[in-house]
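User: I am new to this structure and would like to go through some of its features step by step. Please take my questions one at a time and show the reasoning behind each answer.

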Amino acid sequence: MSQAEVTTAAAARSAPSPLWALSLFRSEVGTVFRRWRTIALLGVLAAVPVLVGIAVKMETGDGGTAGRGGAGPAFISQVTNNGLFLVFTSLAATLPFFLPMAVGVVAGDSVAGEASSGTLRYLLVAPAGRTRLLLAKFTATLAFCCAATLTVAASALAVGALLFPLGDVTLISGVTVSFGEGLLRALAVAGAVALSLVGIAALGLFVSTLTNSGIAAMATTVGLLITAQIVDQFPQLHAVQPYLFPHYWLSFADLLRAPVYWDQLLDNLGLQALYAAVFGSAAWARFTAKDVTA
Amino acid sequence: MARIEPTHGTDGAPDAGEGTRRAHGRRKAVRYAVPVAVAGVAAASIGIGTALASSGDPDLPKISAQDLIAKMAESDTQQLSGTVKVTTDLGLPSLPSGLSLGDAPAGGKAGHGSAGKEAGADTSPQAKLTELASGTHTLRVAADGPDKQRLSIVERAAEYSVIRNGDQVWAYDSKSNTVHRSTAPKGMHGGKEAPQELRGASPQELAKKTLAAVDDSTSVTVDGTVKVAGRDAYQLVLKPKAAETTVGAVRIAVDAKNGVPLKFTLSPKNGGKAVVDAAFTKVGFGKPAADTFDFKPPKGAKVIEDKADGKAGKEHKAGPGKDAGAPDLSGMNVLGKGWTSIAELKAPGGVGSGAGAKGAKDAGPAGALLDSLGSKVSGSFGSGHVFSTRLVNVLVTDDGKVYAGAVTKDALIKAASK
């Protein structure tokens, strides 16, 4: 370690600066992304567009279109005309389960995993404060949300460009826009999908503070996800559905209308913010008041 | 094993005195109050939001029903864009997707023949209209003058758009990437009604049809004011005087400034939720962007040519009387007029009538099913089954005639007995 590094570290320790918080965050991100589990999850997510792309290519080898008559995941009938649509199809295919499951695993593990492996105590020995540690954990989970979404999108774009032609994009309203704008919209879609995962990230973090078993926290979070998805399917329960975190997930498709239909997108963002606020503060209440024995 | 307890501010030492412990408990409770408070504030603001949105009928100068109708007729608003929410509740079980009510027989299918079948689900505008007959749908509309219109049905991750620009009418289904193309029948409908089949769902069109049916069999009143999509509006109430009809009342909210109908509600006589409720949730009267009405078939889309003329002819043969919504009911005969009009159809190809005739004759499982769906009735016409919805009653006689109308069962039986 060089002299300069030591001094900065010492200075940071003596007066907690934003840089210090950043270093905590950096270490948390490192912990998350260095795990084999995380890398495997990202690998699975990257494989989904490859599978979808190859399946569509094989089905349409004779010149037909996939998803005849509107069957199959959203946008699939467009993939053969424009590889960019593989991004939307893949996100629509992974958003209901794969993506939130990956986020649930990472979020559920964040505190409970440290507790079960006995490393949480050492984290708390550092004079960082529990609130700040929790914030670092949450931001690291959010970073994973972005990384997971971008993994799917980037892999889909690469596969789409390899297997299918690229070019002007026909939006679902029937309006054709340039490829550049299509790419921008794809980026916006990825952003909307990543933000859609904030709710389950906060929920997972809260569950993670409740137990000392990482596996239990992950299973509970994924279980809650499945329950919410099932409840969202029953028309008889429509009164509660607007308050379920997966309810507006598919609203990212509204970015592909012309003009963009904002209502549900904004509803989705509001709902995710509400989940983040409620379960984030619940996690804070639990974590800052809990006895850590392991 | 040493416990690591939360540090409280500066006093790090876990001094386990009685007072500290109680303070500890209190602080714990205070912490848990935070998420509860956040949830409470959110719930309260949602509640206040909806309360604010629904409260406060605007203060407007009084207007007579006659003047209000005149205002609607004079309205020359040509440009508008907005979002319409249509809720239809006929009391039918919700249809599984792909199956549409009264799947257009004869004319409609012949128009695009095998191509439509190949696409799996029928994507023609007619089929789409029947999809609107149940559930809640969001439509986006834009209009600029008599020959530039656009209507899109906002679906989950898909959209169905009908665009009219000049004499070209395009329908684009993003789900199956299919385009339907037809030419607008110029002059036929006053050269005005663009994607005629689908426009049927907008508040303007519904209001226009209803007002056309107004005569001395209807009482027309103005019932206060309402706020629709942030605009002040008068509420026009039409109540049929006839006892036989199942229509309770039709309410039309008319924009106080420009006379554009903003909301249309049809409620049944026996109370309950409205059968049809179409209202703007957002509306603007500026000029929509010109490229809104530009359409060229996307690359790789399947283009199906619809023969507009053949169908338009069929439609006209269907005769006057109340627009039944389903355009292709050939051989329809309208009995009575106004609210109590009853449509009479002769069997083959008619909606469900084939099954009706057969089911009653062979008393197999089909007959039993029919009995469980409709109630058996008999009269001087023979016997048949009556199928009831919240608004429309349908009588299918055993000899294959169908009587349908927004009238009571007795009125149907009376009509059939004649």
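Analyst: Before the questions, a definition is useful: the axes of helices are lines fitted to C-alpha atoms over the stretch in contact, and the angles between N-to-C directions run from 0 to 180 degrees. Please keep in mind throughout that this is a predicted model.

User: How are helix 9 of chain A and helix 11 of chain A oriented to each other?

Analyst: Two packed helices are described by the angle between their axes and the distance between the axes. Helix 9, residues 198-210 of chain A, packs with helix 11, residues 262-288 of chain A, at an angle of about 15 degrees and with the axes 8 Å apart. Because angles under 35 degrees count as roughly parallel, helix 9 and helix 11 of chain A are roughly parallel to each other.

User: Which hand does the crossing of helix 9 of chain A and helix 11 of chain A have?

Analyst: The angle of about 15 degrees between these helices of chain A does not by itself name the hand. For the crossing of helix 9 and helix 11 of chain A, the hand is left-handed.

User: Is F287(A) buried or exposed?

Analyst: F287(A) belongs to helix 11 of chain A, and its C-alpha atom is separated by 8.1 Å from that of L210(A), which is 77 residues apart from it along the chain. Since buried means under 20% relative accessible area, F287(A), at 1% relative accessibility, counts as buried.

User: Which peptide bond is cis, with omega near -10 degrees?

Analyst: The place to look is the loop between helix 10 (214-231) and helix 11 of chain A, where P259(A) is found. The cis bond with omega near -10 degrees is the one from A258(A) to P259(A).

User: What is the relative accessible area of A157(B), and is this residue buried or exposed?

Analyst: A157(B) sits in the loop between strand 3 (148-155) and strand 4 (158-165) of chain B, and its phi is positive, about 55 degrees, although it is not a glycine. Its relative accessible area is 7%, so A157(B) is buried.

User: What is the relative accessible area of A229(B)?

Analyst: A229(B) lies in the loop between strand 7 (218-228) and strand 8 (231-240) of chain B, and it has a positive phi near 50 degrees while being a residue other than glycine. A229(B) is partly exposed, and its relative accessible area is 29%.

User: What accessible area does the nonpolar patch that includes V44(A) have together?

Analyst: V44(A) is in helix 3 (residues 36-59) of chain A and is partly exposed, with a relative accessible area of 43%. Its partners in this surface patch are F97(A), F98(A), I226(A), I230(A), F234(A), L237(A) and V240(A). Together with V44(A), these residues have an accessible area of about 650 Å².

Methods
Residues numbered from 1 in each chain as written. Chains lettered and ligands numbered in written order. Predicted model: local features only at pLDDT ≥ 70, side-chain atom pairs only at ≥ 80, totals over all residues. Heavy atoms only, no water. Patch = residues over 30% accessible without salt bridge, like charges linked within 9 Å, V, L, I, M, F, W, Y side chains within 5 Å. Areas by Shrake-Rupley, 256 points an atom, 1.4 Å probe, with all protein chains shown as cover. Salt bridge = Lys/Arg side-chain N within 4 Å of Asp/Glu carboxyl O. Helix = DSSP H or I, 4+ residues; strand = E, 2+ residues; numbered from the N terminus. Buried < 20%, exposed > 50% of the residue type's maximum accessible area, 1.4 Å probe, protein only. Parallel < 35°, antiparallel > 145°, perpendicular 65-115°, else oblique. Left-handed = near helix turned anticlockwise from the far one by under 90°.
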